[in-house]
Amino acid sequence: MESCLACVRLIGKASTVFPHKKLQYSGAGVFGTPKEPITRYVLYRCTSCGCWMKQNTSNGSPAGLWSACESSIPAEPVFERNPAEYDYWMKEPLTVLGRPR
């Protein structure tokens, strides 16, 4: 998933900056006890690129800045694996440590 230019420009800006037009409110990250709830971020989803963005509060991480969620960061490419490389443990006989019961 590749973030749109509007989302990329928003990352690292102060959280007082308004979200761009394509960001849709999705919820808030509220932690703590019911008597003292702490809002850490407001969560948005971009309807253009699908990126999840956090508008962090002063209690969020990073404090007071916009950030992209980990799920929006592209993962490293997964390479096809040869199963024969990982079946070596099945080819050797099992050895039991200690005495049998």
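This section describes the confidence, strand pairing and aromatic contacts of a predicted model.

The average pLDDT of the chain is 78, and 68% of the residues score at least 70. Residues 74-79 fall below a pLDDT of 50, and in the model this stretch has one contact beyond near neighbours in sequence. Where pLDDT is low, the predicted coordinates should not be read in detail.

Strand pairing was examined next. Strand β1 spans residues 23-32 and strand β2 spans residues 37-46; the two pair in the antiparallel sense over nine bridges. Within this pairing, C46 in β2 is the residue opposite L23. The connection from β1 to β2 is a hairpin of four residues. Strand β2 is also joined to strand β3 (residues 52-56), in this case by five bridges, and β2 and β3 run antiparallel. Here R45 has W52 in β3 as its bridge partner. The hairpin of β2 and β3 has five residues between the strands, and in this hairpin G50 adopts a positive phi near 85°. Strand β2 thus takes part in a pairing with β1 and in a pairing with β3.

Three aromatic pairs are present in the structure. One of them is formed by F31 and Y41, with a tilted arrangement, a centre-to-centre distance of 6.4 Å and an angle of 55° between the planes. Because F31 belongs to strand β1 and Y41 to strand β2, this pair ties together parts that are 10 residues apart in sequence. F31 counts as partly exposed, because its relative accessibility is 40%. Y41, in contrast, has a relative accessibility of 18% and therefore counts as buried.

A further aromatic pair consists of Y44 and W66; this pair is also tilted, at 5.5 Å centre to centre and with 40° between the planes. The pair links distant parts of the chain, as Y44 lies in strand β2 and W66 lies in strand β4 (residues 66-68), 22 residues apart. Both Y44 and W66 are buried. Together with Y25, these two residues make up one aromatic cluster, formed by Y25, Y44 and W66.

Y41 has a charged residue over its ring as well: K54 lies over the face of Y41, at 4.4 Å from the ring centre. Y41 is therefore a buried residue at 18% relative accessibility that pairs with F31 and carries K54 over its face.

Definitions and conventions
Residues are numbered from 1 along each chain as its sequence is written. This is a predicted model: local features need pLDDT of at least 70, side-chain atom pairs count only at pLDDT 80 or more; totals for chains, interfaces and linings use all residues. Side-chain values use heavy atoms; hydrogens and water are left out. pLDDT is the predictor's confidence in each residue, from 0 to 100. Contact means heavy atoms within 4.5 Å. Two strands pair if DSSP finds at least two bridges between them. Rings of Phe, Tyr and Trp (its six-membered ring) pair if their centres lie within 6.5 Å; planes under 30 degrees apart count as stacked, over 60 as edge-to-face and the rest as tilted. Buried means under 20% relative accessible area, exposed over 50%, partly exposed in between (1.4 Å probe, protein chains only). A charge sits over a ring if NZ of Lys or CZ of Arg is within 6 Å of the ring centre and within 35 degrees of the ring normal.
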